Structures are given as C-alpha cells and as structure tokens.
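Hi,

Here is the structure I promised to send over. Have a look at it first, and my notes follow below.

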Amino acid sequence: MVPERAVILAAGLGSRMGGKPKGLLKVAGREIIYRTMRTLEELGVSRFVIVTNTQYSNLYKEFVERNGFNAEIVINSEPERGNGYSLHLAREKVRGRFVLVMSDHVYSEAFLEAAVKGEGLIADREPKWADVEEATKVRVESDKVAKIGKDLHEWDAVDTGFFVLDESIFEVTSALASEKESFELREVVERAKLKVTFIDGLHWIDVDMPEDIKRARRMLVKAAVKGTGDGFVSRHLNRKISTWVSALLVDFVSPNTMTVLTFLFGLLSALLNLWNPAVAGIAYQISSILDGVDGELARARMQASRFGGYVDSVLDRYVDGAFLALLAYSTLSEPVWWLVALLALLGSVMVSYSTERFKAAYCKDAYRVVPALRYLPGKRDERIFLTMILLFPGQVKALFALLAVLTNLRVGLTAYLIWRKERS
C-alpha cells in the first residue's frame, strides 16, 4: 500500500546553484519538487511535509498555495545541522509509514511508481543518469544497509534519495540528536540498518550542479518516449532524432505549439508534391520525425492530455490524406491508378482507425492487449519512410500499389488478431 504522507527535505542553501532553492529550479518547464509531489499525489500520497530553511520558507509556501498541494512547511532554522536533523524536525508531523524524498532529485513516473511499493532505502545497481563518482554509494549485507557514503571503494548500489520508512526512524534521529550537534541522513540510514529495495536502471538523477539540469532535461525526454505503438522506423531512426529536438525545445515550446507547427509542416510536404514529389517525400519524412516531438514535450513537461492526443491523431490523418491525394493528383492520369491510390489512402486511414476503434470499444491500448500488433508492418512511420524511399526514383505507381496492399492487409490481420484474442 502506498504511504499517505511524504516528507521532502529542502533545507539546503543551494550554494552551488547560485543560492537558489534546488527544489524550485525548473527542469523541462516544471519545478523539480512539483514533479515529485504531483506524481506521488497521483499514486496515492495525500499529504506532504516540506522541511526547508528560513530563507526559502516563503518561496515554498507560495509554491504550495499556487499549485494547491496539501502540504505543511516545517522550518529548519539551523540547516547547517545537516539533513538528518531536517528529518528529525518532521517527527511530529507523520505517523506510520511515510515516503522520504530529497527535493533536488528528478524522478521519472516509472521510477516513482516502483519506488512507493518498496521498503527502506531505494537503491539502484544500474544507474543510467546519476554521476556515480559524486553519488552516495551503498554496501548491502543481508538485504540491509551495511555502509553508506560517497567515498566507498566497494559498494553494491547507489542511493536514489528515495526512502519508504516508518515512524520508528525517529528513535534513531532522536538518539543522534542527543549525541551530536549535527548529523547527516546517511548516518541515520547506517545506524538504522535500513532494508534495501533495489530498483535498477530506471530514470532518476540528483541535480547537484548547473550541468545536471541539462542532463535531467535529456533524461526526462528519453523517459517520455511512449513504450508501445512505435513502428520499426520510429524505434530505430525517428526517436533518435526527435528526442534530440525535444531536449532542445522542452523549456521553450509548448506541446500545442509543436502540434500546430508539425501539422503545418506536414501540409507543406503535401503541397510540395505539386512541384517535386521527391522533395515532398523528404519533407514528409521530416514531418514524421517531428510528429513525435509534441508527445515527448507533453510527457516531459507533465502537460499530456487526452484531448492533445486526440487532436494530434486527427491532424495526422489530414496530413496523410492530403499528401497521398496531392501525390495522386500531380502524377496519375489513368482511372485504374486513381482507384489504387484511393485504396492506399483508405488503407492508410484505416490502419490507425482499427487500433483507435479498439481503444474506444475496449478502453484499452490495442498494442498492450495484443502485443503481436507491434510487429505487423505498415504503421505510419514505416509508410512515410517507404514513401520517401520510393519517391526518390519516381516509383509513384509502385508506391500506391504497395501501400494499397500493405495497409489493407494490416487492417485485416489486426481484426483477425483481435478476434483470436477475444476467443482465447
């Protein structure tokens, strides 16, 4: 069960960030702490305790009020006493199990979904984005913390800055507070011999230096790539380029703006058929690459919406229809080939309709329910790439014939696979 409360430690002075509170720094258009709190809220955490210093308390209060979080601010007037002491100050505000998280760590949604189900210290044996040299390492014995620190030469995993604890941890903080003027969280963890839960290879990063902001931005864009539905060309070509573009734009361009720009560029590629189909094919492929950017921006900026996905899908159909119609208009003259072109156009529309109609009927993603659909050729990215390749040598008729067969065959196979799944 997901804990109802979370404590967020945000009492650091941010000296390496120009004196700014790291939790309120924006990455991909959102404050770091907003990302953590909003996702935890969606997962079931209903109340937050933010421990901060006197200097930043008003900033965090304004942040909480502006975003409507159910949160209480606890002030650590002596942040020099360490983040272990900051945790100790929250002892009257939580009961039972609770989440403890750092304000300067950026986590993907997938990481947080897994982490809240863990226990004790959440550690990563395969960190992809963290600077291991600067990270806090953990040595584990019998599934518990044996040693923790940045300078460990022998270690088993990296501390992710995320914990699932219970109120018994305050017995440890109280003992340390009676013994020492200041103490760090790692001392609390080591003395408590916390259980370790391994969550390996998911996206998270500690934002400690200005350059970490750029790495966090790239990480969030990479994590924003949708897990299902991409065709072969998207997986191996388009996404490699679109994620690079998204990382450049994510702080400056909204998903809706990108959707409109991509749509207009797609229409331009269609109009280019009236001048030069080979050039049009290249522009069409570029529009296909850019078509992934708005979704990446939306997920990275936490602005994804059903309406946005709906509009994007509708506009894609307009672009595809316009491209094939203008290509046929500018290159074909025989009625029989107009019929073939019509079959290609209808099949191209029906490929998307067949899976979207499944979602409307079953309220589930067809690619998750019927994984075999992922491997059927003929998805939009593959068709557009094929269009570009065949328009280079001017093989317009071959393109229409191939699309007519490929798309309608895919629709038929989609219906068959869904029928078979329904019967099983």
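**What I found**

This is a predicted model, with a mean pLDDT of 94 for the protein and 98% of its residues at 70 or more. If you go element by element, helix H10 (residues 277-290) has the highest mean pLDDT, 98, while helix H14 (residues 366-369) has the lowest, 88.

Now the charged pairs. Side chains of opposite charge can pair when their charged atoms come close. The structure has 23 salt bridges, and I picked out three to go through.

Start with Asp230 and Arg239, whose side chains form a salt bridge at 2.8 Å, N to O. Both of these residues are buried.

Next up is Asp316 with Arg380, where the closest N and O atoms of the salt bridge are 3.9 Å apart. This one ties together distant parts of the chain: Asp316 sits in helix H12 (residues 306-331) and Arg380 in helix H15 (residues 380-391), 64 residues apart. Are the two partners buried or exposed? Asp316 has a relative accessible area of 10%, so it is buried, given that the cut-off is under 20%. Arg380 comes in at 13% relative accessibility, so Arg380 counts as buried too. The pair also belongs to a network of salt bridges that links Asp291, Asp316, Arg317, Asp320, Arg380 and Arg383.

The third is Lys397 with Glu334, a salt bridge whose closest N and O atoms are 2.9 Å apart. Here again distant parts of the chain are linked, with Lys397 in helix H16 (residues 396-423) and Glu334 in the loop between H12 and helix H13 (335-362), 63 residues apart. Lys397 counts as partly exposed because its relative accessibility is 32%. Glu334, with a relative accessible area of 30%, is partly exposed as well.

One helix pair to pull up in your viewer: H9 (residues 255-271) and H12, whose axes come within 8 Å and cross at roughly 10 degrees. Angles under 35 degrees count as roughly parallel, so that is how H9 runs relative to H12. On the H9 side, the contact is made by Thr259, Phe263, Gly266, Leu267, Ser269, Ala270 and Leu271. H12 contributes Asp312, Leu315, Tyr318, Val319, Ala322, Phe323 and Leu326. What kinds of residues make up this contact of H9 with H12? They divide into 10 nonpolar, 3 polar and 1 charged.

Cheers

Technical notes:
Residues numbered from 1 in each chain as written. Predicted model: local features only at pLDDT ≥ 70, side-chain atom pairs only at ≥ 80, totals over all residues. Heavy atoms only, no water. pLDDT = per-residue confidence, 0-100. Helix = DSSP H or I, 4+ residues; strand = E, 2+ residues; numbered from the N terminus. Salt bridge = Lys/Arg side-chain N within 4 Å of Asp/Glu carboxyl O. Buried < 20%, exposed > 50% of the residue type's maximum accessible area, 1.4 Å probe, protein only. Axes fitted to C-alpha atoms, helices over the stretch in contact; angles between N-to-C directions. Parallel < 35°, antiparallel > 145°, perpendicular 65-115°, else oblique. Contact = heavy atoms within 4.5 Å. Nonpolar A, V, L, I, M, F, W, Y, C, P; charged D, E, K, R; others polar.
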